[in-house]
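Please open the structure in a viewer and keep the sequence panel visible beside it. The tour proceeds from one selection to the next and describes what is found at each stop.

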Amino acid sequence: MMKRVDEKNRKRLQRKKRVRKNISGTSAKPRMSVFRSNKYLSVQVIDDIAGKTLSSASTLEAELKGTKNTVEGGEKLGKVIGERLKAAKISTVVFDRNGYKYHGVVKAIADGARSVGIEL
């Protein structure tokens with residue numbers, strides 16, 4: 001069982017490296033990076049040139065307490081990060097799925113941000 005998990009993670013990291021070669025965040029169009037664990041979700045909006053995190057949201061925060069690692073939880077998280085980006089006057093981001101396949105929770109996060117008006 002452990003070998004299967006290691007193989008799955010190795011493939012995700014290969015996808016991550018392949019995708020990150022081609023995308024980068026700037027102050028005008030930062031990178032929105034998604035991370036998911038078995039229990040929690042988190043999103044960071046990063047300016048790679050300055051090396052700074054502009055905004056972040058996680059299901060560990062009080063505002064999203066009780067949100068699970070599900071499609072509904074991903075959509076809530078996407079809406080929260082979208083609102084924070086609007087408050088920071090950022091309307092366009094580059095979506096970094098961090099090696100995860102674009103379906104399920106990762107897609108729900110992107111759709112949640114789009115529903116608030118953020119362009120991905």
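Begin by selecting Val43, whose bridge partner in E3 is Ala57. The model on display is predicted. Next select Gln44, which stands opposite Ser56 in E3.

**The hairpin**

Extend the selection to the whole of strand E2, residues 41-47, and strand E3, residues 52-58. The two run antiparallel, and six bridges join them. Strands of a sheet pair through backbone hydrogen bonds, in either a parallel or an antiparallel manner. Four residues lie between the strands of this hairpin. Select Gly51 in the hairpin of E2 and E3; its phi is positive, near 75 degrees.

**The sheet**

Now display all the strands together. In which order do the four strands of the open sheet stand? The order is E3-E2-E1-E4, and the pairing is mixed. Colour E3 and strand E4 (94-96), which stand at the edges. Each of these two has a single partner strand, so one side of each is left without a neighbour in the sheet. From one strand to the next, the twist averages 20 degrees.

**The salt bridges**

Turn next to the charged side chains. Side chains of opposite charge can pair when their charged atoms come close. How many salt bridges does the structure hold? There are seven salt bridges, and three stops follow.

Select Glu7 and Arg10, which form a salt bridge with their closest N and O atoms 2.6 Å apart. Both residues belong to helix H1 and are three residues apart, about one turn of the helix. Glu7 is partly exposed, with a relative accessible area of 34%. Arg10 also counts as partly exposed, at 39% relative accessibility.

Move to Arg31 and Asp48, another salt bridge, whose closest N and O atoms are 2.9 Å apart. This pair links distant parts of the chain, 17 residues apart: Arg31 is in strand E1 (residues 31-36), while Asp48 is in the loop between E2 and E3. Is Arg31 buried or exposed? With a relative accessible area of 6%, Arg31 is buried, whereas Asp48 is partly exposed at 25%.

The third stop is Arg84 with Glu61, a salt bridge in which the closest N and O atoms are 2.7 Å apart. Arg84 lies in helix H2 (residues 71-87) and Glu61 in the loop between E3 and H2, so the pair ties together parts that are 23 residues apart in sequence. Arg84 counts as partly exposed, with 25% relative accessibility; Glu61 is likewise partly exposed, with a relative accessible area of 22%. Then add Asp96 to a selection of Arg31 and Asp48: salt bridges that share partners join these residues into one network.

**The largest pocket**

The final selection concerns open space. Rolling a probe the size of a water molecule over the atoms shows where empty space is left. The largest pocket holds about 580 Å³ of space. Which of its 13 lining residues are the closest to its centre? Select Lys8, Asn9, Arg12, Arg36 and Tyr100 to see them. Then select helix H1, residues 2-20, which supplies the largest share of the lining, six residues. Finally, colour the lining of the largest pocket by class: two residues are nonpolar, five are polar and six are charged.

Terms used
Residues are numbered from 1 along each chain as its sequence is written. This is a predicted model: local features need pLDDT of at least 70, side-chain atom pairs count only at pLDDT 80 or more; totals for chains, interfaces and linings use all residues. Side-chain values use heavy atoms; hydrogens and water are left out. On a 1 Å grid over the protein atoms alone, a cavity is a set of points where a 1.4 Å probe fits but cannot get out, and a pocket is an open set with protein on both sides within 12 Å along at least five of seven lines; lining residues have an atom within 4 Å of a point. Grid points are joined across faces, edges and corners, and a volume is the space filled by probe spheres set on the points. Ala, Val, Leu, Ile, Met, Phe, Trp, Tyr, Cys and Pro count as nonpolar, Asp, Glu, Lys and Arg as charged, and the others, Gly among them, as polar. Two strands pair if DSSP finds at least two bridges between them. A salt bridge is a side-chain nitrogen of Lys or Arg within 4 Å of a carboxyl oxygen of Asp or Glu. Buried means under 20% relative accessible area, exposed over 50%, partly exposed in between (1.4 Å probe, protein chains only). Axes are lines fitted to C-alpha atoms, for helices over the stretch in contact, and angles run from 0 to 180 degrees between N-to-C directions.
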